[in-house]
Amino acid sequence: MDYTKVIEKLNECLRHEWTGVAQYAQAGFLVSGLWREVYSTVFFDNAQESFGHAKLVGEKITALGGVPTIERKSVKQSNDITEMLNNGLEFESAAVKLYNEALALAEGDRALVVFLEDILKQEQEGVDEFTLILRGHSAAATESKSASKAG
Ligand SMILES: [Fe+2]
């Protein structure tokens with residue numbers, strides 16, 4: 001099996017994870033207002049998850065004979081909590097896509113497939129988490145808007 005394409009794709013995954021470390025940490029720093037208590041933890045937990053994935057993927061790239069990237073993509077920043085959460089959802093969805101692409105290239109190496117499936121499962125949980133948070137957040141935001149109108 002030629003691992004050149006796998007290593008290339010894993011480096012794309014790693015670049016994405018490094019982006020996640022910075023993007024989620026930045027959201028954790030910037031989030032303010034009443035939601036800060038809740039969401040700074042959510043964002044820092046996600047930054048940590050991204051770092052965990054970066055560590056796994058970086059080690060795998062090295063094990064396969066490649067050199068792990070130190071690059072990242074540009075970070076999406078906002079002061080608006082809904083936009084931060086949407087950025088999170090977008091980030092996790094892109095991660096699901098990338099690990100699926102890596103999986104397609106890993107066919108024939110069962111251990112690598114399992115390795116990637118483990119990460120993919122967590123990325124999908126991230127998509128589900130942000131989807132649910134956004135659903136609740138939009139409902140709460142609408143409620144507090146109409147409450148302040150009524151008051
Ligand atoms: Fe990840």
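**Exercise 1: the iron site**

Task: Decide whether His53 and Glu123 are buried or exposed, then work out which protein atoms bind the iron ion as donors and how they are arranged.

Solution:

1. Start with accessibility: His53 and Glu123 are both buried. Keep in mind that this is a predicted model.
2. Next, list the donors. Glu17 supplies two OE atoms, His53 its ND1 and Glu123 an OE, at 2.0 to 2.5 Å from the iron ion.
3. Now look at the sequence, where the donor residues follow the spacing E-x35-H-x69-E. His53 belongs to helix α2 and Glu123 to helix α4, so the pair, 70 residues apart, links distant parts of the chain.
4. Finally, check the geometry. A tetrahedral site needs all angles between 85 and 135 degrees. Here the 4 donor atoms subtend angles of 55 to 137°, and therefore the arrangement is irregular.

**Exercise 2: a lysine in helix α1**

Task: Lys9 is part of helix α1. Find out why Lys9 is classed as it is for accessibility, and which side chain makes a polar contact with its own side chain.

Solution:

1. The cut-off for buried is under 20% relative accessible area. Lys9 has 14%, so Lys9 is buried.
2. Turn to its surroundings: beyond neighbours within four places in sequence, Lys9 is in contact with Leu98, Glu101, Ala102 and Leu105.
3. One of these, Glu101, offers its side chain for a polar contact with the Lys9 side chain, at 2.8 Å.

**Exercise 3: the nonpolar cores**

Task: Which residues of the largest nonpolar core touch the most other members, and what does Val57 touch?

Solution:

1. The largest nonpolar core has 22 residues, and those touching the most other members are Leu10, Cys13, Val57, Ile61, Tyr99, Leu112 and Leu116.
2. Helices α1 (4-30), α2 (36-63), α3 (81-106) and α4 (110-150) each give two or more residues to this core.
3. Zoom in on Val57: setting aside residues up to four places away in sequence, Val57 touches Leu10, Cys13, Leu14, Tyr99, Phe115 and Ile119.
4. Apart from the largest core lies another, of 15 residues, including Tyr39, Phe43, Met84 and Phe91.

**Exercise 4: Ile133**

Task: Place Ile133 in its helix and say which residues beyond its sequence neighbours are in contact with Ile133.

Solution:

1. Ile133 sits in helix α4.
2. Its relative accessibility is 16%, so Ile133 counts as buried.
3. Leaving out neighbours within four places in sequence, its contacts are Tyr39, Val42 and Leu85.
4. For a view along the chain, take Thr82: 51 residues separate Thr82 and Ile133 in sequence, yet their C-alpha atoms are 9.7 Å apart.

Notes:
Residues numbered from 1 in each chain as written. Predicted model: local features only at pLDDT ≥ 70, side-chain atom pairs only at ≥ 80, totals over all residues. Heavy atoms only, no water. Core = buried A, V, L, I, M, F, W, Y, C linked by side-chain atoms within 4.5 Å. Buried < 20%, exposed > 50% of the residue type's maximum accessible area, 1.4 Å probe, protein only. Helix = DSSP H or I, 4+ residues; strand = E, 2+ residues; numbered from the N terminus. Contact = heavy atoms within 4.5 Å. Donors = N, O, S within 2.8 Å, 3.2 Å for Na, K, Ca; no water. Tetrahedral: all angles 85-135°; square planar, octahedral: opposite > 155°, others 65-115°. Polar contact = N/O pair within 3.5 Å; in protein donor to acceptor, adjacent residues only side chain to side chain.
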